[in-house]
Amino acid sequence: MKTLFDYLKEAEEKKVAVGHFNISDLVALKAIVNAAKELNVPIMIGTSEGERDFIGEHQAAALVKSLREEFNYPIFLNADHTHSLEKVKIAAQAGYDEILFDGGALPFEENVKQTKQAIEIAKSINPDVYIEGELGYIGSSSEIISEIPAGAAVQIAQLTTKEEAAQFVSETKVDFLAPAVGNLHGMLKDVPNPRLNIERIREIKGAVGIPLVLHGGSGTADDDFLAAIDAGVNVIHINTEIRLAWRKGIEAGLKADPDEIAPYKIFPPALEAVQAAVSARLKLFNKLVTLPSANNQ
Ligand SMILES: [Zn+2]
């Protein structure tokens, strides 16, 4: 089977992006896989440290591997936002395909130093594991938020620059890069999330050449996504939107029959809601839909 890197290169050539969705449970995993298989597109599954603590690293890796092998399907697992070298080691040992070492909140030199250590540790365990580095702080919570998190890079002066990106990539040798380009983790409660800086994405891509990952996709405008892909983004992360769909679906499932206690009879509305949310995003990222505003004039 082709590697994750092969799929990202293919996405780049086709000017599409691979969707990355986080899970805490089997309901979301099934929903994401159903949506991807229906559209026949490669897919990435993420588990943050909190999500991993709940599922178990080895269990998450076994689930994804079982799907890949049973259906011969391009599904890959990322250890999302890993902050400690100990957690890097555990993820590499468990068989994750990718590890995001997140030193985005650290001073630049410290981020470089720790990211290099993360690569050394991970690749000594599994030479084939991909390491993503993070530059710039974009908040840390995939929830509905009432304001922009303190310290998050949203002003142009705080965004990742092409010079920083080039230096970071050449010093660390990361496989993929997650820059701060106006994206934000979480979804703002009453207003749309900030717009992406497309020009900055294009500059960074030109300076580093490696796959770029856009975090905090939830709440981003559809046309920003398409412009970001054309400017060089190859992977897009969505979490908050599917957590919201999951929650509404669970509530609907419980309400449908207050006496029901069989989990597999309560879960289907959650599965359907997450699947619909993932499907909509995958259609957009893989350009299987045309936006009304993008119609030919
Ligand atoms: Zn993220």
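A residue is called buried if 20 or more other C-beta atoms lie within 10 Å of its own, exposed if 12 or fewer, and partly exposed in between, with C-beta atoms placed from the backbone. Helices (H or I, at least four residues) and strands (E, at least two) are DSSP runs, numbered from the N terminus. The model is predicted: local features need pLDDT of at least 70, side-chain atom pairs count only at pLDDT 80 or more, and totals for chains, interfaces and linings use all residues. Residues are numbered from 1 along each chain as its sequence is written.

**Exercise 1. Describe the two sides of helix 6 (residues 108-125).**

Step 1. List the buried residues: Asn111, Gln114, Thr115, Ala118, Ile119 and Ala122.

Step 2. Check their directions. Seen down the axis of helix 6, the buried residues fall within an arc of 150°, so they line one face of the helix. The arc is that of the directions from the helix axis to the C-beta atoms.

Step 3. Turn to the other side, where Glu109, Glu110, Glu120 and Ser124 are exposed.

Step 4. Find the partners of the buried residues: they pack against helix 5 (85-94), strand 4 (98-101), strand 5 (130-135) and helix 7 (162-172). Contact here requires C-beta atoms, placed from the backbone, within 7 Å.

**Exercise 2. Place strand 1 (residues 18-22) among its neighbours.**

Step 1. Assess burial. Five of the five residues of strand 1 are buried, so the strand is largely enclosed by the rest of the structure. Val18, His20 and Asn22 point one way, and Gly19 and Phe21 the other.

Step 2. Identify the pairings, which need at least two DSSP bridges between two strands. Strand 1 runs parallel to strand 10 (residues 233-238), joined by four bridges, and His20 stands opposite His237. Four bridges also join strand 1 to strand 2 (residues 43-47), again parallel, with Gly19 opposite Ile43.

Step 3. Follow the chain from strand 1 through helix 2 (residues 26-39) to strand 2: this β-α-β crossover is right-handed. That is, with the strands pointing away from the viewer, the path from the first strand over the helix to the second runs clockwise.

**Exercise 3. Locate Gly139 and its contacts.**

Step 1. Gly139 lies in the loop between strand 5 and strand 6 (144-145).

Step 2. Gly139 has 23 C-beta neighbours inside 10 Å and therefore counts as buried.

Step 3. Leaving out residues up to four places away in sequence, Gly139 touches Pro149, Ala152, Leu184, His185 and Gly186.

Step 4. Compare sequence with space for one pair: Gly139 and His185 are 46 residues apart in sequence and 5.4 Å apart in space, C-alpha to C-alpha.

Definitions and conventions
Contact = placed C-beta atoms within 7 Å.
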